[in-house]
Amino acid sequence: MPATKLSPPQLIAAAKAPTLAYNDKNWGAVKASITQDFVYDEVASGRKVQGVDQVLAIWQGWAAAFPDSKATFDNAYVSGDTVVLEITWRGTHQGQLQTPKGAIPPTGKRIEMRSCVVCEMAGEKAKLQRQYFDMATMLQQIGVGG
């Protein structure tokens, strides 16, 4: 029996689920909302990983650097099994921010940056997420960029 096709609102809700779980720092809910072979492609940092454990390591790193970080959803679009989310991230740099060039110590400064997330869905779970954001803007907001 074929799987039931999800409606656009159901796809949007499923695509938002990993980010909503991140907002709550609920790592069990993150795991439940993504496939085991989930691919996370963080375009701005150049990090691309596959698998639940590798994804959680990156997301927990962001949570350590910005413990109060949360996303709000500005828009959502559906095309087939792909959902595009426009997001605004807000948080305070309160912990070490790990970057490819080393750790940035906490500055106590707030960030507010827009992001675009492209989610490829496998039914009710995300199987791929490409996140586009402006790293230069974020670094400038925490006081370490031009």
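Here is a short chat about the aromatic rings in this predicted model.

Visitor: How many aromatic pairs does the structure hold?
Guide: Ring centres have to lie within 6.5 Å to pair. With that cut-off, the count for this structure is seven.

Visitor: Take Y22 and W89: what kind of aromatic pair do they form?
Guide: Their ring centres sit 5.4 Å apart, and there are 85° between the planes. Planes over 60 degrees apart get their own label. So, by that cut-off, the Y22 and W89 pair is edge-to-face.

Visitor: And how many residues apart in sequence are the parts that this pair ties together?
Guide: Y22 belongs to helix α1, residues 8-23. W89 belongs to strand β4, residues 82-92. The pair therefore ties together parts whose separation in sequence is 67 residues.

Visitor: Is W89 buried or exposed?
Guide: Buried means under 20% relative accessible area. Its partner Y22 is buried, at 4%. W89 has a relative accessible area of 12%, so W89 counts as buried.

Visitor: Which helix holds W59, the partner of F38?
Guide: F38 and W59 are an edge-to-face pair too, 6.4 Å centre to centre with 80° between the planes. F38 is in strand β1 (residues 34-42), 21 residues away from W59. W59 itself falls within residues 52-65, and that's helix α3.

Visitor: What is the relative accessible area of F38?
Guide: W59 is buried, with a value of 5%. F38 is buried as well, and its relative accessible area is 0%.

Visitor: Which residues form one aromatic cluster?
Guide: Y22 pairs with W89, and F38 pairs with W59. Those four belong to one cluster that also takes in W27 and Y40. Its full list is Y22, W27, F38, Y40, W59 and W89.

Terms used
Residues numbered from 1 in each chain as written. Predicted model: local features only at pLDDT ≥ 70, side-chain atom pairs only at ≥ 80, totals over all residues. Heavy atoms only, no water. Phe/Tyr/Trp six-rings, centres within 6.5 Å; stacked < 30°, edge-to-face > 60°. Helix = DSSP H or I, 4+ residues; strand = E, 2+ residues; numbered from the N terminus. Buried < 20%, exposed > 50% of the residue type's maximum accessible area, 1.4 Å probe, protein only.
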